[in-house]
Amino acid sequence: MTASFFSFPTFDIERNGVRIHGRIGGSGAPLLLLHGHPQTHAIWHRVAPALAERFTVVAVDLRGYGDSGRPAADTEHAVYGKREMALDALAAMQHHGFERFGVLAHDRGARVAHRLAADDAQAVERMLLLDIAPTLSMYENTSEAFAKAYWHWFFLIQPPPLPEALIASDPVRYVRSVMGGRHAGLAPFAPEVLAEYERCAGIAGTAESICEDYRASATIDLVHDRADIAAGRQLAQPLRVLWGEHGAVGKAFDVLALWRERAADVSGRALLCGHYVPEEAPGELLAEALAFFSSPSPQQAGATP
């Protein structure tokens, strides 16, 4: 593993009986890092050390992933709703004394970040989201090409216990099949980090948690998204979105147009990589993140000397 990142101190907090695990390092303005599926906070190992030279980096494992807790599911799937995950992330930042912060998030973590920014606009100063369009937009605009590329979206939401049983029968095969089935195969992943993803996938309860994460996105999360739209609520924070040129999201959706339906200040572009941006294009991502999170806030930009 990249020693400089994995030497960052770890922490564990508890929120409503659920353990949230993470790492913190660096100094400066606070920056929350949220990972995607089927990974852990280890996805940031190639960019976090450099970010920590400018920011206080807080990288957490989402509930159900990594070394965070795996609470039992509920019939409404709310336990794994992005609202609950967002509250976990907020609690982690507040634990370290941060009430307002930037967010850099990939995949599932980016959906958590979207909900966090929508529910608590005062906490999130600005966001950089990686390789997603809004969840509701992706479901409503699903094409044949997207369904084939993102088969796991539709597999994981099937009723229990079949998806859980298939994943739990061979968690390593599941991780390698999902991650290795994309643009670059398994080549982008450091062997030690891939082993960490595999270890965490094998923790008891992971299969159930993964499925509940996706079931929540197809149910309760859509309820929350539709409520935002019905109320005319848009994200006010500066939002930058990056996606992989070789990934399915940019090919199947007009990413910027869809985000501009949900946020007032949106910019972004494709990077020369696939879905796993932090591990496939760390240099480009780091340059983007340093520029974006170092920019003045709208209030600062409008201030008179």
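1. A quick definition before we start: a helix here is a DSSP run of H or I at least four residues long, and helices are numbered from the N terminus. With that in hand, D213 can be placed in helix α11. Please keep in mind throughout that this is a predicted model.

2. Let's stay with D213 for a moment. Is this residue buried or exposed? D213 has a relative accessible area of 0%, and the cut-off for buried is under 20%, so D213 counts as buried. Leaving aside residues up to four places away in sequence, D213 touches Y65, Y80, K82, M85 and R108. If you have the structure open, those are the side chains and backbones to display around D213.

3. Helix α11 also comes up when you look at α8, which spans residues 162-169. The buried residues of α8 pack against α11 (206-217), and also against α7 (151-155) and α9 (171-180). Which residues of α8 are the buried ones? They are P163, E164 and I167. These residues lie on the same side of α8, because the arc they cover around the axis is only 95°. On the other side of the helix you will find L162 and S169, both exposed.

4. Next, a look at strand β3, residues 29-34. Of its 6 residues, 5 are buried, so the rest of the structure largely encloses this strand. It has two strand partners worth tracing, taken in turn below.

5. The pairing of β3 with β4 (residues 55-60) is parallel and is made by 6 bridges. What is the bridge partner of A29 in β4? It is F55, which gives you a handy pair to click on when you trace these two strands.

6. Strand β5 (residues 101-106) also runs parallel to β3, and 4 bridges join the two. Here L32 is a useful marker, as it stands opposite V103 in β5.

7. Finally, consider G36, which sits in the loop between β3 and α2 (48-51). Its relative accessibility is 0%, so G36 counts as buried. How many residues separate G36 and A110 along the chain? The answer is 74, while their C-alpha atoms are separated by 7.6 Å. Not counting residues up to four places away in sequence, G36 touches I43, H106, D107, R108 and G109. You may recognise R108 from point 2, where it was listed among the residues that D213 touches.

Definitions and conventions
Residues are numbered from 1 along each chain as its sequence is written. This is a predicted model: local features need pLDDT of at least 70, side-chain atom pairs count only at pLDDT 80 or more; totals for chains, interfaces and linings use all residues. Side-chain values use heavy atoms; hydrogens and water are left out. Buried means under 20% relative accessible area, exposed over 50%, partly exposed in between (1.4 Å probe, protein chains only). The arc is that of the directions from the helix axis to the C-beta atoms. Contact means heavy atoms within 4.5 Å. Two strands pair if DSSP finds at least two bridges between them.
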